[in-house]
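This briefing looks at charged side chains, the parts of the chain that they bring together, and how far they are open to solvent. Please read it alongside the sequence and the coordinates.

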Amino acid sequence: MDTNPGFAPAATAEPTSSRRNRHDRLALRPADFIDVRYADVTDRHLARTLTAEDASEEDGLDPLERVTCRTHRRWLHDCVASPLHVVVITGTRWCRACECALNVAIDQLAGDVSVRCPSCGDTPATRATRQLVRACRASLAAAHDR
């Protein structure tokens, strides 16, 4: 037996990486797996998407790129107008010039998303606004993609 304190055996009985094991556990789940947190969501497609995005967020998905909302347990386009979706720091749903929350209108039939400041009437040409519009359009598409 090597007494060197830096020595580690080539093979151990215990896994060395919890991240790898988490991936292994996820790989064992069926494709239609729904997390217990979303078991009571009646729209099974939404519940599966919420579950998948939660797992992807743990692996590095930007929370602002989600098409679902883990707080409201809904499609993003259904709850994006909530005051909880205003993020002053990133500029998401925020007019920096007027310092007020932006209004979001979703036309589900046309698939259109519009964002306007209630004070100045402008649509901020920011990365956060473009990202929000992309995420809402993707949410609309995902909700109707069965």
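His45 has its place in helix H2, in what is a predicted model. With a relative accessibility of 18%, His45 counts as buried, because the cut-off for that class is under 20% relative accessible area. Its side chain comes to 2.7 Å from the backbone oxygen of Ala142. Beyond this contact, the structure holds 8 salt bridges, and the points below take up some of them by topic.

**The pair Arg73 and Asp40**

- Arg73 and Asp40 meet through their side chains in a salt bridge, with an N to O distance of 2.7 Å.
- Arg73 lies in the loop between strand E1 (68-69) and strand E2 (74-75), whereas Asp40 lies in the loop between helix H1 (18-27) and helix H2 (44-58), so this salt bridge ties together parts that are 33 residues apart in sequence.
- The two partners fall into separate accessibility classes: Arg73 is partly exposed at 25% relative accessibility, while Asp40, with a relative accessible area of 55%, is exposed.

**The pair Asp54 and Arg66**

- A salt bridge also joins the side chains of Asp54 and Arg66, where the N to O distance is 2.9 Å.
- This pair links distant parts of the chain, since Asp54 belongs to helix H2 and Arg66 to the loop between H2 and E1, 12 residues apart.
- Asp54 counts as buried at 10% relative accessibility, and Arg66 likewise counts as buried, at 4%.

**The pair Glu57 and Arg70**

- Glu57 forms a salt bridge with Arg70, and the closest N and O atoms of the two are 3.8 Å apart, a distance that still qualifies because the criterion is a nitrogen within 4 Å of a carboxyl oxygen.
- Here too the pair links distant parts of the chain, with Glu57 in helix H2 and Arg70 in the loop between E1 and E2, 13 residues apart.
- Glu57 is partly exposed, having a relative accessible area of 22%, and Arg70 also counts as partly exposed, at 32% relative accessibility.

**The shared network**

- Glu53, Asp54, Glu57, Arg66 and Arg70 are joined into one network by salt bridges that share partners.
- Within this network, Asp54 and Arg66 are members that count as buried, whereas Glu57 and Arg70 are members that count as partly exposed.

Key
Residues numbered from 1 in each chain as written. Predicted model: local features only at pLDDT ≥ 70, side-chain atom pairs only at ≥ 80, totals over all residues. Heavy atoms only, no water. Helix = DSSP H or I, 4+ residues; strand = E, 2+ residues; numbered from the N terminus. Buried < 20%, exposed > 50% of the residue type's maximum accessible area, 1.4 Å probe, protein only. Polar contact = N/O pair within 3.5 Å; in protein donor to acceptor, adjacent residues only side chain to side chain.
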